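Grab a pencil and work through these short exercises. Try each task before you read its solution.

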Amino acid sequence: MSIKAQQLGMYFLLMALSLVVFVIALGPGLFNSAAVSILSWQHDAFHLLCHQSADRSYFIGGVKMAVCSRCIGIYSAFLLGVLIMPLIPRFFFVINRKILQLIIVAIVINFLDVLGNGIGIWTNTLHSRFFLGAFFGLSLALILTSEFFKQINIKEKDYGK
């Protein structure tokens with residue numbers, strides 16, 4: 001298998017897994033299901049990753065999503081980033097160092113938002129948490145998926161140099 005095929009295979013696997021995680025994160029309301037039904041396992045799937053507070057979550061069909069608004073922002077923007085990554089190299093060169101700095105900025109901004117809300121300086125909203133989470137998710141997707149495309153034209157004998 002050529003390196004290009006391996007990288008594309010890994011990219012499509014990442015895309016599929018991102019889509020599955022996003023759909024699961026939407027929760028049982030996506031399936032027009034009550035929270036007590038057999039399809040409510042989504043909340044259990046994310047209970048270690050997210051606080052899942054009802055006052056910090058969006059609802060679909062009257063049922064709380066499986067994750068909070070910040071986490072759904074992360075997952076949805078990550079999926080979007082994975083989907084648009086093949087288009088990015090055609091328009092500009094992605095520099096990993098700049099993207100890494102973007103991730104650090106996203107983490108710091110999210111931390112400051114949580115801290116500021118926690119000590120009462122401001123009150124964040126569902127939408128502000130969503131967009132700050134989306135900023136982090138998109139940054140993370142760009143750095144991970146850029147690895148699949150930056151070396152896609154390297155010959156197998158040159159791999160690792």
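**Exercise 1. Place W122 and find the patch that W122 belongs to.**

Start with location: W122 sits in the loop between α5 and α6 (126-149). Helices are DSSP runs of H or I with at least four residues, strands are E runs of at least two, and both are numbered from the N terminus. Before going on, note that this is a predicted model, where local features need pLDDT of at least 70, side-chain atom pairs count only at pLDDT 80 or more, and totals for chains, interfaces and linings use all residues. Residues are numbered from 1 along each chain as its sequence is written, and side-chain values use heavy atoms, with hydrogens and water left out.

Next, exposure: W122 has a relative accessible area of 38%, so it counts as partly exposed. The scale runs buried under 20%, exposed over 50% and partly exposed in between, with a 1.4 Å probe and protein chains only.

Finally, the patch: W122 joins L100, I104, V108, F111, L112, L115, I119 and I121 in a nonpolar surface patch of about 880 Å². Patch members have over 30% relative accessible area and no salt bridge (a side-chain nitrogen of Lys or Arg within 4 Å of a carboxyl oxygen of Asp or Glu), and nonpolar side chains are joined within 5 Å.

**Exercise 2. Work out how Y58, F130 and F131 are connected.**

The structure holds four aromatic pairs. Rings pair if their centres lie within 6.5 Å; planes under 30 degrees apart are stacked, over 60 edge-to-face, and the rest tilted.

Step one: the Y58 and F130 ring centres are 6.2 Å apart with planes at 75 degrees, so call this pair edge-to-face. Y58 is in the loop between α2 and β1 and F130 is in helix α6, so the pair ties together parts 72 residues apart in sequence.

Step two: F130 also pairs edge-to-face with F131, at 5.3 Å centre to centre and 80 degrees between the planes.

Step three: put together, ring pairs link Y58, F130 and F131 into a cluster. As for exposure, F130 is partly exposed at 21%, while F131 is exposed at 55%.

**Exercise 3. Is Q52 buried or exposed, and what is its phi near?**

Find Q52 in the loop between α2 (41-46) and β1 (59-60). Its relative accessibility is 14%, so Q52 is buried. Now the backbone: most residues other than glycine have a negative phi. Phi of Q52, however, is positive, near 60 degrees.

Methods
Patches are made of residues with over 30% relative accessible area and no salt bridge: like charges are joined within 9 Å, nonpolar side chains (Val, Leu, Ile, Met, Phe, Trp, Tyr) within 5 Å. Accessible areas come from the Shrake-Rupley method with a 1.4 Å probe; for residues, only the protein chains shown count as cover. Rings of Phe, Tyr and Trp (its six-membered ring) pair if their centres lie within 6.5 Å; planes under 30 degrees apart count as stacked, over 60 as edge-to-face and the rest as tilted.
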